[in-house]
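Me: I'd like to learn how to read a few features of this structure with you. Could we start with salt bridges and go on from there?

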Amino acid sequence: MRMLPLWRIGLCQRKHELVRAFLAPAKPRATLLRSVPAIYRLKVKAAAAVARMASAGGDEGRTRDPASNPKVVELRKCINKDAKDGWEKCWEEGLTPWDLGQTTPAVSGLVQSGSLPKGRVLIPGCGHGYDVVAMAGPDRYVVGLDISTSATEKAKALSSSLPNANQFTFVAGNFFTWQPTEKFDLIFDYTFFCAIDPCLRPAWAEKIKDLLKPEGELITLIMLVSDQEGGPPFNTTVADYEEVLTPVGFKAMVIEDNELAVKPRKGREKLARWKRISKQSSL
Ligand SMILES: C[S@@+](CC[C@H](N)C(=O)[O-])C[C@H]1O[C@@H](n2cnc3c(N)ncnc32)[C@H](O)[C@@H]1O
């Protein structure tokens with residue numbers, strides 16, 4: 001496995017702070033878990049979220065401009081103040097306006113379509129792990145990775161008694177430094193790319209390449225973000241993905257509108273499926 005090109009991370013504006021933040025291991029933190037059975041909590045939370053989104057368009061959907069959502073303003077302060085522990089703090093304090101509280105509908109669509117690769121799947125920045133659970137099954141073992149211990153502990157608590165619980169796992173760790181024992185057949189990214197500082201995007205692409213098997217597939221559910229000064233979420237276009245993925249050998253096989261986007265994100269999401277293009281012989 002190739003080492004991370006650390007010099008690229010070093011190009012960041014907040015160079016020293018970010019390099020320290022992204023190379024240090026995540027600190028475990030104690031989390032208080034309620035004693036209500038996990039499956040019951042998952043069902044209650046999902047039902048509440050569906051009702052909320054149907055009526056109000058979801059928490060994040062109060063406005064289309066993230067910068068005018070008070071929770072986004074708070075989370076930006078939190079993360080920009082402390083690049084290392086900021087995400088942990090946000091999860092602990094419930095500053096999670098991105099959290100749908102249910103499986104991303106596009107993920108349910110992909111599972112139902114039968115078009116997902118089988119084997120080992122990685123979901124970096126998995127949060128509470130609804131998509132991890134939804135993709136896992138007899139054909140797919142899914143690893144949900146998140147830098148926040150609070151998020152992964154809650155994800156475990158929500159899902160540990162589900163029937164497919166032995167087909168997924170949650171790991172607390174930093175995507176940029178994490179070294180799994182085995183590579184993956186599929187990596188799925190949703191709202192992770194737009195959440196990291198844009199100066200880390202080349203390192204994100206290198207790491208995706210390193211973690212995927214040569215024939216593996218990358219699926220990015222792209223949330224288009226514009227007109228933001230800073231983030232997260234940071235300004236994001238399809239071209240931003242191409243800019244970092246093309247140099248490491250990926251090509252988009254499909255880029256299409258996400259017809260299944262939740263109401264507040266409708267018309268602002270693209271689903272892209274990427275494969276590595278093998279080098280052609282010049283002879
Ligand atoms: C915008 S949230 C998206 C969460 C989830 N994908 C969802 O849609 O609900 C971004 C997630 O990335 C995680 N994260 C941020 N930096 C990370 C890193 N370097 N390694 C792993 N996870 C990270 C955060 O803790 C957070 O859960």
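Reply: Sure, and one term has to come before anything else: helices here are DSSP runs of H or I with at least four residues, numbered from the N terminus. Keep in mind too that this is a predicted model.

Me: Good. How many salt bridges does the structure hold?

Reply: The general idea is that side chains of opposite charge can pair when their charged atoms come close. In this structure there are nine salt bridges. One of them joins the side chains of Lys77 and Glu74, with N to O at 3.2 Å.

Me: Why are Lys77 and Glu74 separated by about one helical turn?

Reply: Because they sit three residues apart in helix 4. As for exposure, Lys77 is exposed, at 51% relative accessible area, and Glu74 is partly exposed, at 36%.

Me: Which residue meets Lys156 in a salt bridge?

Reply: That's Glu153, with an N to O distance of 3.4 Å. Lys156 and Glu153 are about one helical turn from each other, because they are three residues apart in helix 8, which covers residues 149-159. Lys156 has 35% relative accessibility and counts as partly exposed; Glu153, at 24%, is partly exposed as well.

Me: And what about Glu217: with which residue does Glu217 form a salt bridge?

Reply: With Arg273, where the closest N and O atoms are 2.5 Å apart. This pair links distant parts of the chain, since Glu217 belongs to strand 5 (residues 212-223) and Arg273 to strand 7, with their positions 56 residues apart.

Me: Are Glu217 and Arg273 buried or exposed?

Reply: Glu217 is buried, and Arg273 is buried too.

Me: Let's stay with burial. How many residues of helix 9 are buried?

Reply: For this step you need the cut-off: buried means under 20% relative accessible area. In helix 9 (residues 201-211), 10 of the 11 residues are buried, so the helix is largely enclosed by the rest of the structure. Charged residues are on that list, including Arg201, Glu206, Lys207, Lys209 and Asp210. Trp204, Ile208 and Leu211 are among the buried residues of helix 9 as well.

Me: On to cysteines. How many disulfides does a search of the whole structure find?

Reply: Zero. Two cysteines you can look up are both inside: Cys126 is buried at 13% relative accessible area, and Cys194 is buried at 4%.

Me: What about empty space inside: how many cavities of 30 Å³ or more are there?

Reply: The count is four. The largest cavity has about 620 Å³ of space. It is lined by 41 residues, and the closest to its centre are Trp98, Gly125, Gly127, Tyr190 and Thr191.

Me: Which elements give two or more residues to that lining?

Reply: They are helix 4, helix 5 (86-93), helix 7 (130-135), strand 2 (140-146) and strand 4 (184-190). Helix 7 gives the most, with three residues.

Me: Thr191 came up near the cavity centre. What should I look at in its backbone?

Reply: Look at phi. Thr191 has a phi near 60 degrees, a positive value in a residue other than glycine. You'll find Thr191 in the loop between strand 4 and helix 9. Asp227 also has a positive phi, about 60 degrees, although it is not a glycine. Asp227 lies in the loop between strand 5 and helix 10, and it is exposed, with a relative accessible area of 74%.

Me: And omega: what kind of peptide bond joins Gly231 and Pro232?

Reply: A cis one, with omega at about 0 degrees. The next bond, from Pro232 to Pro233, is cis with omega near -5 degrees. Pro232 is in the loop between strand 5 and helix 10 (238-245), and Pro233 is placed in the loop between strand 5 and helix 10.

Me: Last one, the surface. Which residues make a nonpolar surface patch of about 240 Å²?

Reply: Met253, Val254 and Ile277. Ile277 is in the segment after strand 7 (269-276), and at 42% relative accessibility it counts as partly exposed.

Terms used
Residues are numbered from 1 along each chain as its sequence is written. This is a predicted model: local features need pLDDT of at least 70, side-chain atom pairs count only at pLDDT 80 or more; totals for chains, interfaces and linings use all residues. Side-chain values use heavy atoms; hydrogens and water are left out. Patches are made of residues with over 30% relative accessible area and no salt bridge: like charges are joined within 9 Å, nonpolar side chains (Val, Leu, Ile, Met, Phe, Trp, Tyr) within 5 Å. Accessible areas come from the Shrake-Rupley method with a 1.4 Å probe; for residues, only the protein chains shown count as cover. A salt bridge is a side-chain nitrogen of Lys or Arg within 4 Å of a carboxyl oxygen of Asp or Glu. Buried means under 20% relative accessible area, exposed over 50%, partly exposed in between (1.4 Å probe, protein chains only). A disulfide is a pair of cysteine sulfur atoms within 2.5 Å. On a 1 Å grid over the protein atoms alone, a cavity is a set of points where a 1.4 Å probe fits but cannot get out, and a pocket is an open set with protein on both sides within 12 Å along at least five of seven lines; lining residues have an atom within 4 Å of a point. Grid points are joined across faces, edges and corners, and a volume is the space filled by probe spheres set on the points.
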